[in-house]
Amino acid sequence: MNQKVLKTLEFYKIIDRLVEEADSSLGKEKLKALEPSSSFLEVEQSLSETEAAQDRIRLGGGISFRGIKEIRPYFSRLALSTALSIPELYDIILILEKTKKAKEQGEEREDALQEYFQALAPLDEVRRELQRCILSEEELADDASPELSQLRRKEKGLEEKINQELNRILQHNRSMLQDPVITLRNGRHVFPVKAEYKNAFRGIVHDESSSGATLFMEPFSIVQLENDMRELLSLEKKEVEKILLQLSLSLAPFTEELGENVKILSHLDFVFAKAKLANKMDGVKPILNQERKTVLLDARHPLIPKDKVVPISIRLGDDFSLLVITGPNTGGKTVCLKTLGLFQLMGQAGLFIPAFQGSSITVYREIYADIGDEQSIEQSLSTFSSHMTNTVRILQGAREDCLCLFDELGAGTDPTEGAALALAILDHLFQKGIRTLATTHYAEVKLYALSTEGVENAACAFDVESLRPTYHLLIGVPGKSNAFAIAEKLGLRKDIIASAKNRLGEEDLHFEDVIADLENTKRLAQREKEEIERYKAEVESLKQRARESTKGIEKGREKILQRAREEAAQILREAKETADQVVKELRRQEAGKSSALEGEKTRTKLHQKMRENDEALSSTLVKGPSQTISLKKLAIGDKVRVLSMHDMVATVTTLPDKNGMFTVTAGMLRTKVSAKDVEFIQHKEKEKPEKNQGKVASIGRGKVLGISPEINLIGKMTADALPELNKYLDDAFLARLPQVRIVHGRGTGALRKMVQECLKKNKHIESFRLGEYGEGSDGVSIAFFKK
C-alpha cells in the first residue's frame, strides 16, 4: 500500500493508538510496522486472529506480555560456546516463564490462535535449572554449585574475622585517628591516621590527604586476612564463570525453540493489542467479500471524539461503482470520504472497525486518495497543479482492483474547465470498472450521476434553519449547495440575493428545485422502507413461531393416534384368538357329544371375554366426556381434559363460539377444540389476596399485557445480555408465564453458557433444557417456572 494514502487517511494515527496497547517492546515494534495487506487470505487470517483474541479477553481476561525482551542476538555467542552474562540469562528466564504461563492460559481454546499457543515450548527442565541458579539480574544463587557454596561460606567467615579485628583496632586507637571511621583504598580496609602517629600505628600506608595531615593506613593484623579474602574472591569469580558457561552450553541446543518462543510471544502481544483497541473503539469484525463491495453501517470515524462523532452509513460497489457526494462545505463530505478509506485500510490491516454488525469490506490491491490542500510552495505548484499531479499519478497506477478517493475533484481552476475535467476523469475511471468515491460542487457532475446507470449521487444533509450540517449521508439524492439560503440566514440583503437568482438561468433554478424534491422524496421513501422492513420482520417472526407450533401439535397428535391404533389392534388380536379358541372348544365338545351344560358354560365364557374386550377397546378409542361442559358457564382459566389428545389437561384461553369451538393452552401448545371432545375438570380458582400482594398482582397484570414468551439475545455481549435476561425473567415470572424461550444462538457458546448459569441461579426457575428439533435446537433454551 502506498505511503501517501496511509498519511492522507491518517492511518498512522490509528497505529499510534495501537502501539499504546502493546505490553512489550517487541510487540510495539511489530505494530509500528503494521500495514494493510492486499492478500485476501492474509486479511481473513488476521481478522480471525483479532476476533479470537477479543473472545479470549472477554471470556478469560487478557494475557500479560510485559518483560519480554529480544534474546535472539545472544544465539550467535551460544553457537560459539561462549558464556552469557547473568542479566542475559535472566532475560531468557523471563521469556521461558512467559512462555509457560501463556501456554497454560491459552492452549485449551479452539480458535485461530490455538496453534500459536500449542507451538510454544516452555523447556521446563532448562527453565527450572536456570531459576535455581540465577536469582536476579545481578545475583547468582549460593547453591548454583557445591564449590561456589563452599567458597561463599569461607568468605562469610573470613569477613566476620576482618570486621571483628577492624572494630577492635577502632576501639583501641581512637586517639590516633582523625575520624573514628573505616574506609576503603584500592579495595583494602584503611583507617584515617594522624600523620604524627605514623610510626605508632602499625600498618601499611595506602594513601594520604592533600594536606599530608592524614594517612590512610591498613593495619598489619588484617593484611593477611584481606589477602586470603582476595584469593577467595578470585576463586569465586572463576567458579561463577564456570557455572555461567555450563548454563549457556545447556541452552545452545534449544536456540531454535527459544527463537520461536520469542517470535510467537511478540506476535500474540501484537494480536492482543489489536483486540484491546477494538474493545476501546467498540469495533466489530467486518465481513470480507470478494465482490469489491464496501458496506458500512453506522460507521464512526475513530479519530473524532465519541461524544461528537455522528454515525454514517455508506456503501460502494453493489448497485454502483462510482459514488458522487455533494452538499455544502463543512457538511461532512470529506469525513465520509476519509471514513470509507480509513475503514478499508484498518480492515485490510486486520483491525476491527467502529461500525454496526454486518458491515462489510473488500480487499483492494491499492487505495489512492487525493484529499486536502495539496499546495506546494517548495515545488512552486498551485493547489490545482498539485492536485492534478497527484491525479495523474493515480490514473497511471489505478486498476480494476483498486479504490480511488477524490475530494473536490477539478477544484482550484475555472469552474467550466474544472467541471469538464472532473467529468472526464470520473467517466474514465467508471468505464474501467474502478471503484471510485468523489466529492464535488459541480452541477454537471450531479447530472452525470443522475443520468448514468452504475453511478450514484449522495448528499450530506444540511439544516438550513440552524445553519448546521446533520452529517447524515443520503445515498440516491444529489445535494444542494444552499448558498442563497445560508447567505439570507446570515443577513445578506434580500435585493442582492434576488439579483443573484436573476443571474442564474431558468434551467439552473429548475435543477435546484428538482434536487430539493428528490431529497424530500428520498427521506419519505427511506422512512417508509424502514417501516415496511420492520413489519416484514414481525410477520416473518410470527410465521416462524406459527410453523413451529403447528409442527409440535401435528407431531403430538400423530403420536397419540398411533398409540391408540396399536392398542386397538392388540385388543382385536386378543379377541380373535379368544373366539378361535372357543370355536375349537365347541367343536371338540360336539365331536365328543358333551353335555349341554358344558356347552352353555363355554358360551358364557365367550360372552364374558367379548364384554371385557369391548370395554378395553372403548377405553382405548376416544372417550366421550364423563362430565359434560356447560358452554354458558365455561370461563377463561377453567381446567379441562382434551380426550382426543391422550387426556391432556389444558386451560381455557378463549370463550366458545357459536359452533362450540374454543381455544385451550397447555404449556407452549395452543389449539382449538370442540366441546364434544373436552371433559370439564374445575373452574378457575379465585386467588386469595395476601398481605402486600395487591401491588404485586397489579404489576403481574401489567406485565402480562406486554410480555413476550421469548427473548432474543443474539448479537449481544454477555455483560449486556445478563441484566437484560434477569429483568426479562422477573417480568415473565410476574406475568405468570409457565415457561419461556431464550434465543442465544450457537456461536462461540458464550451466550449459551451465560444463560444456563443465570437460569441455575434464578430462584423462580424450576428446570430448563436446550431446545428440541422444531424449537431452535441448541440455539435456544427453554426455561420452566416454579408453580
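Here's an informal tour of this chain, from its overall make-up to one sheet, one leucine and a few cysteines.

**The whole chain**

Keep in mind that this is a predicted model. The chain holds 22 helices and 23 strands. It has 787 residues, of which 41% count as buried. Contacts are worth a look too: among those with a separation of 6 or more, 66% link residues 24 or more positions apart. As for the surface, about 43,800 Å² is exposed, and 51% of that comes from carbon and sulfur atoms.

**A four-stranded sheet**

Let's move to an open sheet of four strands, ordered S20-S21-S23-S22 with mixed pairing. Strands S20 (710–712) and S22 (765–770) sit at the edges with a single partner strand each, so each has one side without a neighbour in the sheet. On average, neighbouring strands here are turned by 20° against each other, ignoring direction.

S20 and strand S21 (residues 739–743) run parallel and are joined by three bridges. Asn 712 has its bridge partner in S21, namely Val 743.

Two helices go with this sheet. Helix H21 (residues 718–734) lies across S20, S21, S22 and strand S23 (780–785), and runs at about 160° to S21. Helix H22 (residues 750–761) packs on the sheet as well, touching S21, S22 and S23, with its direction at about 160° to that of S22.

**Leu 351 and its company**

Now for a residue elsewhere in the chain. Leu 351 sits in the loop between helix H12 (333–348) and strand S9 (360–361). Is this loop residue buried or exposed? Leu 351 is buried, at a relative accessible area of 2%. Leaving aside residues up to four places away in sequence, Leu 351 touches Ile 14, Leu 18, Leu 34, Leu 47, Lys 274, Pro 286 and Met 346. Take Leu 47 from that list: Leu 351 and Leu 47 are 304 residues apart in sequence, yet their C-alpha atoms are 6.6 Å apart in space.

**Cysteines**

How many disulfides are there? The count is zero. Cys 402 shows how that plays out: the closest cysteine sulfur, in Cys 404, is 6.6 Å from its own, and a disulfide needs the two sulfurs within 2.5 Å, so this pair is too far apart for a bond.

Here are the relative accessible areas of the buried residues picked out above, plus one more cysteine.

| Residue | Relative accessible area | Status |
|---|---|---|
| Leu 351 | 2% | buried |
| Cys 336 | 1% | buried |
| Cys 402 | 0% | buried |

Terms used: Residues numbered from 1 in each chain as written. Predicted model: local features only at pLDDT ≥ 70, side-chain atom pairs only at ≥ 80, totals over all residues. Heavy atoms only, no water. Pairing = 2+ DSSP bridges. Axes fitted to C-alpha atoms, helices over the stretch in contact; angles between N-to-C directions. Contact = heavy atoms within 4.5 Å. Buried < 20%, exposed > 50% of the residue type's maximum accessible area, 1.4 Å probe, protein only. Areas by Shrake-Rupley, 256 points an atom, 1.4 Å probe, with all protein chains shown as cover.
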